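User: I would like a close look at one part of this protein. Please start with the cross-linking and then work outwards to what surrounds it.

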Amino acid sequence: MKKNQIFLWIAMAVFIPSLSINTISAQSPKDIMIKVKKVTKESFNTSIQRIKLSTCKYTISDKRIVCTEESRNKLLESVAKNYGDNKQDSRSVSIIIEPKKEKGVGMLTYEYGEPGKDNDSWIYLPELSKVKRLASSADSNDNSGSFFGSEFSLEDMEDLKINEYTFRILSEEKYKGRDAWVIEYTPNAERAKKSKYSKTISWIDKERYISLKKNIYVHGEPYKQLTMSDIEKIDDVWIAKKLTMNNLSTRTLSIMNMVSVAFDQEISDEFLTTRTLEDFAFRERSLTKFRDNLK
């Protein structure tokens, strides 16, 4: 990505959606979000992804976001596997491949679908040759640590635990030509102790049950905006190949581009352990096999 060449049309006038409901949905907002989670969690068993992650400070010129500095680019490889009858639990490993000075920095995360159960995460820094367990949300009321220095936080990367939120439909409208529900979800009292966010408003595609955009609030004020684009169906899995996170408070933009992906490949449980973070030879043997299947 070239310097000063990230452009994104924005329309701040539509950041706050209309509070009127144009039509009455036959489904409850919770039922809709349950279907969204089924699409994202139950449509595959494993995934292997190569991702380009770019971050820069920006300014707004002629209603466009323009980087004011050279983008900080990282190339990642990410491997994930779902567990359980409804695939509500998952394990994932993400490793930085480029730039060279950060190669081998990795993160391991275990997510649990059980309401109230905190996820486990570990990070590995090659220069320290040490795996460090990250504080869980039970240990800290700030679960907003950055995902490899980007504007995507660890909380942003988590799956939504439906029973930890309340939902309501704000409106039904078109978004980029797609019929969508505009759904607000707010953390319950227990979740609020662990979350930085006071609420999220999400545009849900009525046909595909995928999220198209999210407005994220802190203390009731607009904080970040996440947009999904380049949406494709790959191996019967709907996936957004481009995620753009705009931090409105710091004017910093992060773009996550999926370079290649493969679903439902064989991944051993042993790979999804701290051994992968620490053992370079073991990790590379596995990743070499995975790379042959990327599309």
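How many disulfides does the count come to?

Analyst: The count comes to one disulfide. This is a predicted model, and every value below is computed from it.

The link joins Cys56 and Cys67, with their sulfur atoms 1.9 Å apart. That lies within the 2.5 Å cut-off for a disulfide. The angle about the S-S bond is -65°, and the link of Cys56 and Cys67 is left-handed. Cys56 belongs to strand E1, residues 46-61. Cys67 belongs to strand E2, residues 64-67. The two cysteines are 11 residues apart, and their pairing links distant parts of the chain.

Is each end of the link buried or exposed? Cys56 has 0% relative accessibility, so it counts as buried. Cys67 has a relative accessible area of 2% and is buried too. The cut-off for buried is under 20%.

Next, strand E3, residues 72-83, which holds Ser78. Ser78 counts as buried because its relative accessibility is 14%, and the cut-off is under 20%. Its side chain makes a polar contact with the side chain of Ser94, at 3.1 Å. Setting aside neighbours within four places in sequence, Ser78 is in contact with Ser47, Ile48, Gln49, Ile51, Val93 and Ser94.

Tyr83 is also found in strand E3. The C-alpha atoms of Tyr83 and Asn45 are separated by 7.8 Å, although their positions lie 38 residues apart along the chain when counted as sequence separation. Residues up to four places away in sequence aside, Tyr83 touches Gln88, Asp89, Ser90, Arg91, Asp269 and Leu272.

Val93 leads from Ser78 to the nonpolar packing. With residues up to four places away left out, Val93 touches Glu77, Ser78, Val79, Met107, Leu108, Phe271, Leu272, Thr276 and Leu277. The largest nonpolar core has 20 residues. Those that touch the most other members are Val79, Val93, Ile267, Phe271, Leu272, Leu277 and Phe290. The elements giving two or more residues to this core are E3, strand E4 (89-98), strand E5 (106-111), strand E6 (120-125) and helix H5 (280-291). A second, separate core has 19 residues, including Leu53, Ile123, Tyr197 and Val218.

Helix H1 also meets E3 and E4. H1 runs over residues 29-41, 13 residues in total. At 1.5 Å a residue it should span 18 Å, and its end C-alpha atoms are 18 Å apart, so the two agree. The buried residues of H1 are Pro29, Ile32, Met33, Val36, Lys37 and Lys41. These buried residues cover an arc of only 155° around the axis, and therefore lie on the same side of H1. What covers them includes E3, E4, strand E8 (165-175), strand E9 (178-187) and strand E10 (199-205).

Finally, the whole chain. The protein chain has five helices and 14 strands. Of its 295 residues, 49% count as buried. Among contacts between residues at least 6 apart in sequence, 54% join residues at least 24 apart.

Definitions and conventions: Residues are numbered from 1 along each chain as its sequence is written. This is a predicted model: local features need pLDDT of at least 70, side-chain atom pairs count only at pLDDT 80 or more; totals for chains, interfaces and linings use all residues. Side-chain values use heavy atoms; hydrogens and water are left out. Helices (H or I, at least four residues) and strands (E, at least two) are DSSP runs, numbered from the N terminus. Buried means under 20% relative accessible area, exposed over 50%, partly exposed in between (1.4 Å probe, protein chains only). A polar contact is a pair of N or O atoms within 3.5 Å; within protein, one must be able to donate a hydrogen and the other to accept it, and residues adjacent in sequence count only if both atoms are side-chain atoms. Contact means heavy atoms within 4.5 Å. A nonpolar core is a set of buried Ala, Val, Leu, Ile, Met, Phe, Trp, Tyr and Cys residues joined through side-chain atoms within 4.5 Å. The expected span of a helix is 1.5 Å times one less than its number of residues. The arc is that of the directions from the helix axis to the C-beta atoms.
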